[in-house]
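These are my notebook entries on a structure that I am examining for the first time. I record each thing I looked up, in the order in which I turned to it.

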There are 2 protein chains.
Amino acid sequence: MHHDSLHALLVKEKLSLTRPRRIIFDLLLHKDPQSMQVLISRAANKVDRATIYRTIELFERLGIVHRLNIGWKYKIELSDLFVGHHHHFHCNQCGATHTLQANPMLETMIDTVAAKENFSPRSHQLEIHGLCGQCAGQPA
Amino acid sequence: MHHDSLHALLVKEKLSLTRPRRIIFDLLLHKDPQSMQVLISRAANKVDRATIYRTIELFERLGIVHRLNIGWKYKIELSDLFVGHHHHFHCNQCGATHTLQANPMLETMIDTVAAKENFSPRSHQLEIHGLCGQCAGQPA
DNA sequence: GATATATTTGCAAATTTGTCGCAATTATAT
DNA sequence: ATATAATTGCGACAAATTTGCAAATATATC
């Protein structure tokens with residue numbers, strides 16, 4: 001059960017699983033990445049704005065959520081701990097976002113490239129833009 | 001000379017290379033990605049805040065600069081037109097953003113991974129997060 | 001369960017970021 | 001040098017994010 005993992009992560013840091021934290025976690029569960037605006041409005045009357053910012057900041061620090069770059073804005077999604085590691089492909093034509101399976105060799109190479117320059121990689125994010133199969137077939 | 005390319009890009013759109021635009025371009029030249037805050041303060045007394053926002057928006061539209069989402073905020077850097085293709089490493093501790101040389105093998109593999117799922121990749125963006133050499137040496 | 005303790009929340013106010021209209025200024029072509 | 005169209009700075013807004021603090025709530029202990 002996902003709530004157990006969440007609880008465990010919090011307890012490990014001597015933090016508690018409060019009502020607002022559970023609500024925010026649930027807003028993210030089984031959903032596509034969401035903007036702050038959307039999270040705030042979906043939690044309206046249940047969780048205060050300030051609490052949402054504080055919670056997302058905490059969740060990110062604990063590796064529970066992840067900020068995703070989509071165009072200019074960022075969106076929040078649960079981290080690899082709750083959904084497998086993956087990348088995104090954005091179609092420039094139809095605008096769809098597809099997920100790409102993590103590829104072990106690619107993942108390794110990414111870490112290697114960073115380590116080579118004396119960095120200690122913890123996580124990464126890869127976004128590919130182009131044309132999806134459908135759109136490539138029938139040009140505009 | 002970089003200013004010539006900048007001028008050419010502007011002229012092509014019937015726009016002019018003004019003092020503020022040159023100043024902002026110079027603030028970006030040969031520097032790591034910078035936040036708006038930093039740009040605004042570095043340009044203090046020379047260019048108005050509103051002009052900086054308008055100029056960055058214009059530069060982005062013309063493909064002169066590129067916006068990176070880093071944490072809550074974003075940072076601006078010159079596009080691949082002025083600096084070769086590269087990736088970024090963001091230090092979770094000190095907040096610095098470093099550039100990583102593009103690695104031909106890695107680039108190829110990224111395209112291959114996308115092609116394998118029937119996508120036609122055009123561009124991509126890779127952000128690695130972790131600890132930079134300095135911060136890894138002396139933990140918090 | 002009830003209680004003590006430390007954490008966490010909601011609220012309201014402050015700060016920071018980003019936008020807009022418009023008169024004054026500046027670049028470009030003539 | 002001048003006309004014309006683009007561009008800037010300014011001040012006022014509007015939106016996004018942060019902060020301090022008293023009240024509420026979770027957790028461990030009895």
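**Entry 1: Between the two domains of chain A**

I looked for polar contacts across the interface of domain 1 of chain A and domain 2 of chain A, and the rule finds zero residue pairs in polar contact there, with both residues required to be at pLDDT 80 or more. I note that the model is a predicted one. I then checked the interface of these two domains of chain A for salt bridges, and the count is again zero.

I asked which element supplies the largest share of the side of domain 1 of chain A that touches domain 2 of chain A. Strand S1 (residues 65–70) of chain A does, with five residues. By class, I find two nonpolar, two polar and two charged residues on that side of domain 1 of chain A.

I looked up the buried area next: domain 1 and domain 2 of chain A bury about 440 Å² between them. Carbon and sulfur atoms carry 50% of that area.

**Entry 2: Domain bounds**

I consulted the domain assignment of chain A, which gives domain 1 as 2–78 and domain 2 as 86–137. The centres of the two domains of chain A, taken over C-alpha atoms, are separated by 24 Å. Each domain of chain A brings six residues to the contact between them.

**Entry 3: Chain A as a whole**

I counted the elements of chain A and found six helices and five strands. Along the sequence of chain A, I read the pattern α-α-α-α-β-β-β-β-α-β-α. The C-alpha trace of chain A spans about 50 × 40 × 30 Å along its principal axes.

**Entry 4: Chain B against chain A**

I turned to the contact between the chains, to which chain A gives 40 residues and chain B gives 35 residues. Together, chain B and chain A bury about 3,400 Å², with 65% of this on carbon and sulfur atoms.

How many salt bridges does the rule find across the interface of chain B and chain A? It finds zero. For polar contacts across the interface of chain B and chain A, I record ten residue pairs, both residues at pLDDT 80 or more.

I listed the elements of chain B that each supply at least two residues of the side touching chain A: strand S2 (65–70), strand S5 (97–101), helix H5 (104–116), strand S6 (120–131) and helix H6 (133–137). S6(B) gives the most to this side of chain B, with twelve residues. I sorted the side of chain B that touches chain A by class and obtained 16 nonpolar, 14 polar and five charged residues.

**Entry 5: Strands paired across the chains**

I followed S6(B) further and found that eleven bridges join it to strand S5 (residues 120–131) of chain A. These two strands run antiparallel. As one example, I looked up Gly130(A), whose bridge partner in S6(B) is Pro121(B).

Key: Residues are numbered from 1 along each chain as its sequence is written. Chains are lettered from A and ligands numbered from 1 in the order in which they are written. This is a predicted model: local features need pLDDT of at least 70, side-chain atom pairs count only at pLDDT 80 or more; totals for chains, interfaces and linings use all residues. Side-chain values use heavy atoms; hydrogens and water are left out. Contact means heavy atoms within 4.5 Å. Buried area is the accessible area (1.4 Å probe) that two parts lose on being put together, summed over both. A salt bridge is a side-chain nitrogen of Lys or Arg within 4 Å of a carboxyl oxygen of Asp or Glu. A polar contact is a pair of N or O atoms within 3.5 Å; within protein, one must be able to donate a hydrogen and the other to accept it, and residues adjacent in sequence count only if both atoms are side-chain atoms. Helices (H or I, at least four residues) and strands (E, at least two) are DSSP runs, numbered from the N terminus. Ala, Val, Leu, Ile, Met, Phe, Trp, Tyr, Cys and Pro count as nonpolar, Asp, Glu, Lys and Arg as charged, and the others, Gly among them, as polar. Two strands pair if DSSP finds at least two bridges between them. Domain bounds come from an automatic or database domain assignment.
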